[in-house]
Amino acid sequence: MERLVIALGLAAVAVLVAVLLDRRRTDAPTQSAWTVPEQLDRGEFTRPDTPWLVVVFSSATCDSCRDTAAKAAVLESHEVAFEEVEVGASPDRHRRYGIDAVPVVVIADHEGVVRGSFVGPPSATDLWSALATARDATPPNV
């Protein structure tokens with residue numbers, strides 16, 4: 001009986017120590033946001049004379065990048081240029097614009113000012129809406 005009381009006492013002490021140690025542990029730090037460029041050099045991208053540019057920074061090994069590029073390609077029109085910048089084919093542009101995650105979608109105006117962006121795969125509706133919102137909020141090219 002004495003051994004049982006000692007074992008229960010030791011177990012209670014171990015539980016108390018575990019609870020106190022768990023309370024002292026701090027939460028993991030919040031992760032920083034992924035980099036999205038604020039400005040693009042329109043001369044580096046397809047059809048620099050169009051009012052709008054949609055760029056998908058991607059990787060050939062990324063399934064969601066393929067889906068994102070397919071959704072974004074549908075936006076191409078007379079006024080909207082589309083380009084996919086795959087990291088294996090164009091690592092210099094990924095480095096220059098600080099792309100550290102894929103897919104990254106950037107919507108830029110005629111001056112290259114980024115007016116909308118997504119890190120990760122957006123829905124087609126969100127992508128189309130972001131372009132429409134940017135177009136509505138930005139004065140036309142004078």
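**Salt bridges, sheet and aromatic cluster**

E79 is partly exposed, with a relative accessible area of 34%. The model described here is predicted, and its salt bridges are taken up before the sheet and the aromatic residues. E79 forms a salt bridge with R135, in which the closest N and O atoms are 2.7 Å apart. This pair links distant parts of the chain, with R135 in helix α4 (residues 124–137) and E79 in the loop between α2 and β2, 56 residues apart. R135 is likewise partly exposed, at a relative accessible area of 33%.

In the whole structure, 7 salt bridges are found. One of them joins R47 to E76, with 3.1 Å between the closest N and O atoms. R47 belongs to the loop between α1 and β1 and E76 to the loop between α2 (63–73) and β2, so this salt bridge ties together parts that are 29 residues apart in sequence. R47 counts as partly exposed at 28% relative accessibility, and E76 also counts as partly exposed, at 39%. A further salt bridge is formed by D109 and R115, whose closest N and O atoms are 2.9 Å apart. Here D109 is buried, with a relative accessible area of 2%, whereas R115 is partly exposed, with a relative accessible area of 41%. Salt bridges that share partners also join E44, D92 and R96 into one network.

The sheet is open and is formed by 4 strands in the order β2-β1-β3-β4, with mixed pairing. Its edge strands, each pairing on one side only, are β2 (80–86) and β4 (114–119). From one strand to the next, the twist averages 15 degrees. Strands β1 and β2 run parallel and are joined by 7 bridges. Along this pairing, V56 stands opposite E84 in β2, and S58 stands opposite E86 in β2. Strand β1 is largely enclosed by the rest of the structure, because 7 of its 7 residues are buried. W52, V54, V56 and S58 point one way from β1, while L53, V55 and F57 point the other way; all are buried.

The model contains 2 aromatic pairs. In one, F45 and Y97 form a tilted pair, at 5.9 Å centre to centre and with 40 degrees between the planes. F45 is placed in the loop between α1 (2–24) and β1 (52–58) and Y97 in the loop between α3 (91–96) and β3 (104–108), so the pair ties together parts that are 52 residues apart in sequence. Both F45 and Y97 are buried. The rings of F57 and Y97 have centres 6.2 Å apart and planes at 50 degrees, so this pair is tilted as well. It too links distant parts of the chain, F57 being in strand β1 and Y97 in the loop between α3 and β3, 40 residues apart. F57 and Y97 are both buried. Through these ring pairs, F45, F57 and Y97 are linked into a cluster.

At the surface, M1, L4, V5 and L8 make a nonpolar patch of about 470 Å². Of these residues, L8 is found in helix α1 and is exposed, with a relative accessible area of 54%. D49, in the loop between α1 and β1, also counts as exposed, at 69% relative accessibility. The C-alpha atom of D49 is separated by 23 Å from that of A89, 40 residues apart along the chain.

Note on methods. Residues are numbered from 1 along each chain as its sequence is written. This is a predicted model: local features need pLDDT of at least 70, side-chain atom pairs count only at pLDDT 80 or more; totals for chains, interfaces and linings use all residues. Side-chain values use heavy atoms; hydrogens and water are left out. Rings of Phe, Tyr and Trp (its six-membered ring) pair if their centres lie within 6.5 Å; planes under 30 degrees apart count as stacked, over 60 as edge-to-face and the rest as tilted. Helices (H or I, at least four residues) and strands (E, at least two) are DSSP runs, numbered from the N terminus. Buried means under 20% relative accessible area, exposed over 50%, partly exposed in between (1.4 Å probe, protein chains only). Patches are made of residues with over 30% relative accessible area and no salt bridge: like charges are joined within 9 Å, nonpolar side chains (Val, Leu, Ile, Met, Phe, Trp, Tyr) within 5 Å. Accessible areas come from the Shrake-Rupley method with a 1.4 Å probe; for residues, only the protein chains shown count as cover. A salt bridge is a side-chain nitrogen of Lys or Arg within 4 Å of a carboxyl oxygen of Asp or Glu. Two strands pair if DSSP finds at least two bridges between them. Axes are lines fitted to C-alpha atoms, for helices over the stretch in contact, and angles run from 0 to 180 degrees between N-to-C directions.
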